[in-house]
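Please open the model in your viewer and keep the sequence panel visible. The tour below proceeds by selection, with a short account of what is found at each stop.

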Amino acid sequence: MTDPRGRLDTTKLLAARYRAANDRPYLASALYALTVVPSPDVPTMGVDRHWRCYVSPAFVDATPVEELAGVWIHEVAHLLRDHHGRAGRLPAADQRDRYRVNVAQDCEINDDLLTDGLRLPAGRVEPRLYGLPEGRLFETYLPQLPPHVREHDCGSGAHGRPAPWDLPGTAALGDVEAQALRRHTAEAMRAHQRSRGTLPAGWQRWAEELLEPTVDWRQALSGAVREAAAWAAGAIDYTYRRPSRRTPALRGVVLPSLRRPLPRVAVVVDTSGSMGDDELAAALGEVTGVLREVGVRGNRVTVLACDADVHAVSRVTATDQITLGGGGGTDMRVGIEAALAARDRPSIVIVLTDGFTPWPAETPSCRLIAALIGEGAPQPPGWVETVRVPA
Ligand SMILES: [Zn+2]
């Protein structure tokens, strides 16, 4: 029954939060970190980035406790998943489209909640309402939603735009505390999964990504290659020559050469066959792509296939000439030595390997970058720049 004075039924609302926290104990800390703000302006429930939860008294009256418990989890999911922070990294035009952003975010949250057996009020948003697959992030859903879609408004803590009901100022929970709370929640989820053996897939991915963020290996590898190429070009560029006699005014000033030769690069490929063809091809494609971009091409790039069984090294001219062998002990030192023994000595050697190989005992006189392909690759010595390429 609606309270005629429009007062919030706190007992019912807090009973619903208690139920949510009891059913999903790993969310308890996050749920209890929310500050309740009664508001007749918010359509149902909504959050701001300071972990205030705005609640419509009429909505609480009209909604059964079990569904309210689901909405509590829905709202806290917006904040745990840092939806407002992620919305702020969208292109400006997308950011302004708050309702579409909100619907995309609700799709990200609700498919997991429903799979998890939680109840949500009728009219809830789900990916399948828009013919979309489950289990994606809102950034993926957003461009696939029809234009002008307009459903719920879960507040500035979701879509990131100011809401008319937002209180001014900041609440007790700052960004640092919020991040600590996210970490704590992710760890509680892991502990729950270990002891009970269950955790919804969406939360599992979220906790994993939060606790062990994956770096984009393509970016890391191309960055390392680009940087090494710039370094090598600079090192050659600024080998100072004897100043010309025709520049007496600059007597005593040593001018760098104007010539800017590009570095030579050797790519040594481990063909021992213990890593995936696809990952190897992807890593090699990334390396050769970046080298082309910085202008290191043609005979400046040598690709060597290091065969494990016979320790033979062959020079290949096209990447499809590389065939993976059948396992066996790998020794990438053979490939690195062969690369450095060439008449046109490379200043950069890039090794693509699963990492199960001995490395040269000391720093060779070149930049050595190792792309370690696959899980569990042992760590090379510290002087080898490494980029991990997960399988
Ligand atoms: Zn929402």
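**The zinc site**

Begin by selecting the zinc ion together with H74, H78, D106 and C154, which are its protein donors in this predicted model. The atoms to display are NE2 of H74, NE2 of H78, OD of D106 and SG of C154, and they lie 2.0 to 2.1 Å from the ion. Why is the arrangement around the zinc ion described as tetrahedral? The 4 donor atoms subtend angles of 95 to 126°, and four donors count as tetrahedral if all angles lie between 85 and 135 degrees.

Now follow the donors along the sequence panel, where their spacing reads H-x3-H-x27-D-x47-C. H78 belongs to helix 4 (residues 65-80), while C154 is in the loop between helix 8 (138-141) and helix 9 (175-196), so this pair ties together parts that are 76 residues apart in sequence. Both H78 and C154 are buried.

**The nonpolar cores**

Next, select M45, W51, W72 and W203. Within the largest nonpolar core, which has 42 residues, these four touch the most other members. Colour helix 4 as well: with 9 residues, helix 4 gives the most to this core.

Centre the view on M45 and display its surroundings. Apart from neighbours within four places in sequence, M45 is in contact with a set of residues including L13, F59, L68, V71 and W72. The zinc donor C154 is also one of the contacts of M45.

Another core lies apart from this one and has 28 residues; to locate it, select V225, A228, A229 and V269, which are among its members.

**Two residues with positive phi**

Return to W51, in the loop between strand 2 (45-47) and strand 3 (52-55). Most residues other than glycine have a negative phi. The phi of W51, however, is near 65°, a positive value. With a relative accessibility of 0%, W51 counts as buried.

Then select H148, whose phi is likewise positive and near 65°. H148 is placed in the loop between helix 8 and helix 9. Is H148 buried or exposed? Its relative accessible area is 74%, so H148 is exposed.

**The tryptophan pair and charges over rings**

Select W203 and W206, and show their side chains. The structure holds 1 aromatic pair, and it is formed by these residues: the ring centres are 5.4 Å apart and the planes stand at 75°, so the pair is edge-to-face. An angle over 60 degrees is what this description requires. W203 and W206 are 3 residues apart in helix 10 (residues 201-211), and therefore about one helical turn separates them. Both are buried.

Add R81 to the selection. Its charged end sits over the ring of W203, 4.8 Å from the ring centre. For a second example, move to Y99 and R150: here R150 lies over the face of Y99, at 4.0 Å from the centre of the ring.

**Helix 9 and the loop before it**

Select T185, which is located in helix 9. T185 counts as buried because its relative accessibility is 0%. Which residues does T185 touch, not counting those up to four places away in sequence? They are Y26, L27, A30, L80 and W206, the last being a member of the aromatic pair described above.

Now move to L145, in the loop between helix 8 and helix 9. L145 is buried, with a relative accessible area of 4%. Setting aside neighbours within four places in sequence, L145 is in contact with R100, V103, A104, Y130 and L132. Add P127 and draw a distance between the C-alpha atoms: L145 and P127 are 9.3 Å apart in space and 18 residues apart in sequence.

**Helix 13 and the whole chain**

Select A338, in helix 13 (residues 332-340). With 32% relative accessibility, A338 counts as partly exposed. A338 and L304 are 34 residues apart in sequence, and their C-alpha atoms are 8.5 Å apart.

Finally, display the whole chain in cartoon form. The chain contains 13 helices and 9 strands, and 47% of its 391 residues count as buried. Of the contacts with a separation of 6 or more, 63% are between residues 24 or more positions apart.

Notes: Residues are numbered from 1 along each chain as its sequence is written. This is a predicted model: local features need pLDDT of at least 70, side-chain atom pairs count only at pLDDT 80 or more; totals for chains, interfaces and linings use all residues. Side-chain values use heavy atoms; hydrogens and water are left out. Rings of Phe, Tyr and Trp (its six-membered ring) pair if their centres lie within 6.5 Å; planes under 30 degrees apart count as stacked, over 60 as edge-to-face and the rest as tilted. Helices (H or I, at least four residues) and strands (E, at least two) are DSSP runs, numbered from the N terminus. Buried means under 20% relative accessible area, exposed over 50%, partly exposed in between (1.4 Å probe, protein chains only). A charge sits over a ring if NZ of Lys or CZ of Arg is within 6 Å of the ring centre and within 35 degrees of the ring normal. Donors are N, O and S atoms within 2.8 Å of the metal (3.2 Å for Na, K and Ca); water is not among the atoms, so sites may look incomplete. Four donors count as tetrahedral if all angles lie between 85 and 135 degrees; four count as square planar and six as octahedral if opposite donors are over 155 degrees apart and all others between 65 and 115; anything else is irregular. A nonpolar core is a set of buried Ala, Val, Leu, Ile, Met, Phe, Trp, Tyr and Cys residues joined through side-chain atoms within 4.5 Å. Contact means heavy atoms within 4.5 Å.
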